[in-house]
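Me: I would like to go through this model by question and answer, beginning with a single helix and working outwards to the whole chain. Please give the cut-off behind each term when it comes up.

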Amino acid sequence: MPASPSTARAINDRLALRLLQQEGPLTAGQLKQLTGLSRPSVADLVERLAAAGLIDVVGESGEQRRGPNAKLYGIVADQAHLAALDVRTEGVSVVVSDLLGGVLAEASVPIGDDTGTEPAVEQAVALVERAAKEAGVPGLHTVGIGAPGLIDPATGELRDSGGLPAWHRRLVLALQERLPQTRVHVENETNLAALAEQRDGVAKDRNTFVLLWLGHGTGAAVVLEGTLRRGASGGTGEIGFLPVPGTAGLPSAVDCEGGFHSLAGSAAIVALAERHGLTVEARGYEPLAARVVRDAVASAATDFLDALADRLAVGVAAVVAILDPGCLVLAGEVGQAGGADLAARVERRVRRMSPLPTEVRASALGGGAVLRGALLTARERAQDELFAPLQGRGSA
């Protein structure tokens with residue numbers, strides 16, 4: 001059955017807004033060309049969206065002739081404001097942006113291991129409020145949170161985990177309580193990193209790939225045919241629990257020691273560097289394992305890098321054997337520090353271990369991928385709501 005006039009208008013409105021989001025400001029003529037709509041339909045569409053406060057004239061095109069088609073229309077960026085949080089075991093980082101993702105403020109706060117649950121939550125929530133104030137934002141429409149741990153696929157909430165600080169789960173509830181008008185969404189940090197690499201990083205040309213997160217711990221995100229896969233319990237990619245050779249034991253349901261984490265977690269990488277006689281010292285804010293790997297690449301510490309690649313290839317080969325993704329991204333601070341050098345070493349080893357051709361790439365976004373992914377997710381959720389059919393605003 002053909003769509004009703006109101007449904008057709010809603011579809012056209014949504015299409016135009018998506019084009020303005022992806023392409024930037026466009027003239028009415030360009031919207032006509034990209035949508036295939038008639039000139040009168042585009043004129044009505046522009047009038048509707050402008051009346052709803054979603055688009056406005058942001059300039060003029062370079063055309064010599066001045067007229068309606070020469071006006072450039074763009075999404076009103078301050079129609080909504082967003083925040084993205086990267087929640088780590090050692091602290092929180094936040095970015096506040098407009099609806100188009102333009103960054104208005106950034107901040108972070110360290111949270112020590114000895115900080116109690118309520119003080120830690122208060123520090124994190126206060127950080128969000130300060131960042132919003134610094135950005136001059138009266139309120140936040142949507143907050144996207146990236147955190148380690150499992151997300152319950154039924155509720156969308158961060159599940160309890162004995163291996164993570166208690167304040168992580170409490171933070172989500174505290175933000176919902178303190179910002180009752182704000183939509184708060186939480187996602188596993190590694191999944192967000194994969195979304196960011198797919199949109200803005202090294203996996204832009206791939207609709208199937210696996211991202212291996214190498215940071216304080218280990219994790220993986222699986223994207224198959226363009227879709228992020230979470231699994232029946234939200235646990236897809238918990239590679240730290242993968243039983244592998246070369247460890248002192250086996251992991252348990254509550255502890256990943258003895259699994260792949262024991263080979264590729266930050267503490268294991270630092271210990272491996274020490275055994276190879278490398279200097280291990282903290283400098284600046286870069287995680288220690290990432291610093292060690294970065295220094296090793298710069299100094300061509302071949303023995304250590306080969307040993308690390310041997311370890312990583314064990315986990316990568318297991319993933320390849322099951323999923324055959326064709327591409328694997330080494331991400332997180334350690335993956336970025338190892339760069340193309342470490343990626344090439346891992347790829348050569350996987351090639352010898354598996355008959356399935358797999359390209360191994362180094363992350364382009366590194367530790368910032370989680371924050372970028374959280375911001376992308378918050379922006380998409382906000383736009384999904386704001387760009388919904390304009391009921392009662394002239395589209396019905």
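Me: Which residues of helix H2 are buried, and over what arc do they lie?
Reply: This is a predicted model, in which local features need pLDDT of at least 70 and side-chain atom pairs count only at pLDDT 80 or more, while totals for chains, interfaces and linings use all residues. Residues are numbered from 1 along each chain as its sequence is written, and side-chain values use heavy atoms, with hydrogens and water left out. In H2 (residues 28-35), where helices are DSSP runs of H or I with at least four residues and strands are E runs of at least two, numbered from the N terminus, the buried residues (under 20% relative accessible area, with exposed over 50% and partly exposed in between, for a 1.4 Å probe and protein chains only) are Ala28, Leu31 and Thr35. They sit on the same side of H2 because the arc they cover, taken from the directions from the helix axis to the C-beta atoms, is only 55 degrees.

Me: What covers the buried residues of H2?
Reply: Contact here means heavy atoms within 4.5 Å. The cover includes two strands, S1 (26-27) and S3 (71-75), together with the helices H1 (5-23) and H3 (39-51).

Me: Is Ser97 buried or exposed?
Reply: Ser97 lies in strand S5 (residues 91-98), where it touches His81, Leu82, Gly102, Val103, Leu104 and Leu375, leaving aside residues up to four places away in sequence. Because its relative accessibility is 0%, Ser97 counts as buried.

Me: Which helix gives the most residues to the largest nonpolar core?
Reply: A nonpolar core is a set of buried Ala, Val, Leu, Ile, Met, Phe, Trp, Tyr and Cys residues joined through side-chain atoms within 4.5 Å. The largest has 40 residues, and those with the most contacts inside it are Leu212, Phe304, Leu308, Leu312, Leu330 and Val346. The greatest contribution, 10 residues, comes from helix H10 (residues 302-323).

Me: What is the strand order in the open sheet of five strands, and which strands are at its edges?
Reply: Two strands pair if DSSP finds at least two bridges between them. The pairing in this sheet is mixed, and the order is S11-S10-S9-S12-S13. Each edge strand pairs on one side only, and these are S11 (227-229) and S13 (359-362).

Me: Which residue of S13 is the bridge partner of Val329?
Reply: Strand S12 (residues 327-331) pairs with S13 in the parallel sense, over four bridges. Within S13, the partner of Val329 is Arg361.

Me: At what angle does helix H11 run to S13?
Reply: Angles run from 0 to 180 degrees between N-to-C directions, with axes fitted as lines to C-alpha atoms, for helices over the stretch in contact. Helix H11 (residues 332-353) packs on the sheet and touches S9, S12 and S13, and its direction relative to that of S13 makes about 145 degrees.

Me: What is the radius of gyration of the protein?
Reply: The protein has 12 helices and 13 strands, and 50% of its 396 residues count as buried. The radius is taken over C-alpha atoms, and the globule rule is 2.2 Å times the number of residues to the power 0.38. A compact globule of 396 residues would therefore come near 21 Å, and the protein agrees with this at 24 Å.
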